[in-house]
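Dear colleague,

I am handing over the structure we spoke about, with the sequence alongside it. Please have it open while you read the notes underneath.

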Amino acid sequence: FFQKTLNAVQSWFTLFGWSKGQNPISIPYSLRSDVCIVQLTVAQEKNFKRRVDKDKGFYEMLLHLNGQSIPGIAASQSLSTDPVERMFQLHWQHSELLSFLKRKGAYLPHVMPEFLLAPEDYELWSEVNTGMRRGSMRSSGKLSGRRIFVLENRTFETMSKRAWTDVLLQMYKVFVLPRVSSRLVPDPSSLESLQNMPGIKSEPLCSNVYSRYERTILIWLNKNYEKNRKIVWKDSERGGIPPMRWIVNFDQDLLDGLVLAAQMAGYCPYLVRRFF
């Protein structure tokens, strides 16, 4: 399930995350690089050398989706050539990123800034925080007063992949979902058959699972499905017209494809005869 989620997130941000067309990303390899080289083949090469003076593609993507940059972090800036100083700079940038997303409404209490570092930088972070390495004036003490948990290499890779996936999911939640407009939802009075169905409220505090934007999409799914099911499958020889259903989630209620087919048929009716 997690791998399917990662693949879906990776595909969406590859297609729609950038201002200049498609740009392939690889979670977490291209994102946690200090330059975000967004080429799958390059990011996974063993002999890949990191550059420290080029544009940070990840912050360009964030600027495109959000419309504003993180205060104090430019989309293009250089990093120190000193390994420890560079690690501190990246750790600070990731801290600012997480704080910025949380202020926008993201839920990321489980993601620490160090989980977003590259493995070699995380190793430096671990050495500095456990006293095994002495660095700059800033590294004479711990990065914070909280308890330090040092992960093994394999565990760190798993945690890093999960952390970057959750960061992107929360970016989608706070930057993309709010674009959903209630004006897209059909007029309830136009569908008499929906009057006997329990409603889905779109008010902010009506659900502790879905945001009001997600609930607006659920309302849209319900009304389009009810409107189109008798049109799409009126001549179906395999089971006839599917029954009414109450669509209240995005997993179980969409599994058989009928709801998605009804949405597509509403906007692309020429697909009905050939595919549905």
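What follows is a description of what was found in the structure, going from the whole chain to single residues.

Please keep in mind throughout that this is a predicted model. The protein chain has 10 helices and 0 strands, and read along the sequence it accordingly follows the pattern α-α-α-α-α-α-α-α-α-α. Of the 276 residues in the protein chain, buried residues make up 41%. Among the contacts in the chain between residues at least 6 apart in sequence, 60% join residues at least 24 apart.

The interior is perhaps the best place to begin. The largest nonpolar core holds 31 residues, and F58, M61, L101, V167, L168 and M171 are the ones that touch the most other members. At least two residues of this core are supplied by each of α1 (2-16), α4 (57-66), α5 (83-103) and α7 (153-176), with the largest share, 8 residues, coming from α7. Another core, of 13 residues, lies apart from this one, and its members include Y210, L218, I247 and A265.

Within the largest core, you may want to look at L101 in particular. If its neighbours within four places in sequence are left aside, L101 is in contact with A106, L108, V167, M171 and F175. The same residue takes part in the packing of two helices, since H94, L98, F100 and L101 in α5 meet W164, V167, M171 and F175 in α7. The residues of this contact divide into 7 nonpolar, 1 polar and no charged. The axes of α5 and α7 come within 11 Å and cross at roughly 40 degrees, and the crossing is left-handed.

Two helices, α4 and α6, deserve separate mention. In α4, 7 of the 10 residues are buried, so this helix is largely enclosed by the rest of the structure. The buried residues of α4 are G57, F58, Y59, M61, L62, L65 and N66, and what covers them includes α1, α2, α5 and α7. In α6, 8 of the 11 residues are buried, so α6 too is largely enclosed by the rest of the structure. Its buried residues are D121, Y122, L124, W125, S126, E127, V128 and N129, and the elements that cover them include α5 and α7.

The backbone has a few points to check by eye. Just after α4, G67 takes a positive phi of about 90 degrees, and just after α6, G131 takes a positive phi of about 80 degrees. The peptide bond from I27 to P28 is cis, with omega near 0 degrees, and P28 lies in the loop between α1 and α2. As background to these points, most residues other than glycine have a negative phi, and most peptide bonds are trans.

The loop between α1 and α2 (29-32) is also the place of P24. With a relative accessible area of 25%, P24 is partly exposed, and its C-alpha atom is separated by 9.7 Å from that of W12, the two residues being 12 apart along the chain.

Finally, there are two glutamates whose surroundings I would ask you to look at. Is E114 buried or exposed? Its relative accessible area is 2%, which means that E114 is buried, the cut-off for that class being under 20%. E114 lies in the loop between α5 and α6 (119-129), and its side chain makes a polar contact of 3.1 Å with the side chain of H91. The second glutamate, E226, has its place in helix α8 (residues 212-232). E226 is buried as well, with a relative accessible area of 4%, and a polar contact of 2.9 Å joins its side chain to that of R229.

With best regards

Note on methods: Residues are numbered from 1 along each chain as its sequence is written. This is a predicted model: local features need pLDDT of at least 70, side-chain atom pairs count only at pLDDT 80 or more; totals for chains, interfaces and linings use all residues. Side-chain values use heavy atoms; hydrogens and water are left out. A nonpolar core is a set of buried Ala, Val, Leu, Ile, Met, Phe, Trp, Tyr and Cys residues joined through side-chain atoms within 4.5 Å. Buried means under 20% relative accessible area, exposed over 50%, partly exposed in between (1.4 Å probe, protein chains only). Helices (H or I, at least four residues) and strands (E, at least two) are DSSP runs, numbered from the N terminus. Contact means heavy atoms within 4.5 Å. A polar contact is a pair of N or O atoms within 3.5 Å; within protein, one must be able to donate a hydrogen and the other to accept it, and residues adjacent in sequence count only if both atoms are side-chain atoms. Axes are lines fitted to C-alpha atoms, for helices over the stretch in contact, and angles run from 0 to 180 degrees between N-to-C directions. A crossing is left-handed if the near helix is turned anticlockwise from the far one by less than a right angle, and right-handed if clockwise. Ala, Val, Leu, Ile, Met, Phe, Trp, Tyr, Cys and Pro count as nonpolar, Asp, Glu, Lys and Arg as charged, and the others, Gly among them, as polar.
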